[in-house]
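Okay, thanks everyone, let's get going. I'll put the structure up and then talk you through the parts I'd like you to look at.

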Amino acid sequence: MGAPSSSPQPSHAAARAAAEAIEMLEVLWERGFDAASPAPVSAFQLRVLYSLDREEGINLRRLGELLDSRASSVSRLCDRLEATGYVERRPSPVSRRELQLHLTRKARTYLTDLRARREEALLKVLDRMPAQARRDLARGLESFRFAARGEHAHSGEPPGAGDTRPA
């Protein structure tokens, strides 16, 4: 039978724990974000930079898909990032009507600095955890990453293993 009604299902308990951890990560992220230089960008602009870092040379339409935003909004956002020297538009080698979006060296330096500061903040917390807990966390986060992408982790478990919810 299932777990007693007074205790949450394992998935609900994991979701609650993840939500609390994410809130703490947001605090750590903001510390790194505030300390980064040279010129901070908004959280939404940062999503643009991350998207372009992962998919260099995409067009506005694709960026809009990634951000789930209208093309006009994305275009204005890129205008602002181009004005700050973080993004540049280049002609597409495939289509004369299309422009590709690229990060500038300034943006790459900003992202490198931001990621280093955030990693430093995380390391301070992780260093206070027992070694086994850090290994478990790394394994759990890897599985989470695969699940979020709709893939199965390479743990040897069949899909759905460990899921106690009824089918």
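Before we start, one term you'll hear a lot from me: a residue is buried under 20% relative accessible area, exposed over 50%, and partly exposed in between. And please keep in mind that this is a predicted model.

So, take Arg-62. Its relative accessibility is 28%, so we call Arg-62 partly exposed. What does Arg-62 meet in a salt bridge at 2.9 Å, N to O? That's Glu-55, side chain to side chain. Glu-55 comes out at 26% relative accessibility, so that one is partly exposed too.

Arg-62 also has a salt bridge with Glu-65, and there the closest N and O atoms are 3.4 Å apart. Glu-65 and Arg-62 sit in helix α3, which covers residues 60-67, and they're three residues apart, about one turn of the helix. Glu-65 is at 45% relative accessibility, so it goes down as partly exposed.

Okay, stay around there and move along to Asp-68. You'll find Asp-68 in the loop between α3 and α4. Asp-68 isn't a glycine, and yet it has a positive phi, about 55°. Buried or exposed, this Asp-68? Exposed, because its relative accessibility is 74%, and the cut-off for that word is over 50%.

Let me zoom out for a second. The chain has 167 residues, and buried ones make up 23% of them. There are six helices and two strands. If you walk from the N terminus, the order goes α-α-α-α-β-β-α-α. The accessible surface is about 11,900 Å², with 55% of that belonging to carbon and sulfur atoms. And if you take contacts between residues at least 6 apart in sequence, 51% of them join residues at least 24 apart.

Now the helices. In general, you describe two packed helices by the angle between their axes and the distance between the axes. Here, look at α2, residues 43-54, and α4, residues 71-83: the axes come within 11 Å and cross at roughly 85°. So α2 and α4 are roughly perpendicular to each other. Which residues meet there? On the α2 side you've got Phe-44, Gln-45, Val-48 and Leu-49. On the α4 side, they meet Leu-77, Arg-80 and Leu-81.

Back to charges. The salt bridge count comes to 12. One I'd click on is Glu-88 with Arg-90, where the side chains meet at 2.4 Å, N to O. Glu-88 has a relative accessible area of 29%, so it's partly exposed, and Arg-90, at 35% relative accessibility, is partly exposed as well. Then there's a network: Asp-53, Glu-56, Arg-108 and Arg-115 are joined into one by salt bridges that share partners.

Last stop, a nonpolar spot on the outside. Ile-22, Leu-25 and Trp-29 form a nonpolar patch on the surface, and together they have about 250 Å² of accessible area. Ile-22 lies in helix α1, residues 10-35. Why do we call Ile-22 partly exposed? Because its relative accessibility is 45%, and partly exposed runs between 20% and 50%.

Right, that's my tour. If you rotate the model yourselves later, my picks would be the salt bridges at Arg-62, the α2 and α4 crossing and the surface patch with Trp-29.

Notes. Residues numbered from 1 in each chain as written. Predicted model: local features only at pLDDT ≥ 70, side-chain atom pairs only at ≥ 80, totals over all residues. Heavy atoms only, no water. Patch = residues over 30% accessible without salt bridge, like charges linked within 9 Å, V, L, I, M, F, W, Y side chains within 5 Å. Areas by Shrake-Rupley, 256 points an atom, 1.4 Å probe, with all protein chains shown as cover. Salt bridge = Lys/Arg side-chain N within 4 Å of Asp/Glu carboxyl O. Helix = DSSP H or I, 4+ residues; strand = E, 2+ residues; numbered from the N terminus. Buried < 20%, exposed > 50% of the residue type's maximum accessible area, 1.4 Å probe, protein only. Axes fitted to C-alpha atoms, helices over the stretch in contact; angles between N-to-C directions. Parallel < 35°, antiparallel > 145°, perpendicular 65-115°, else oblique. Contact = heavy atoms within 4.5 Å.
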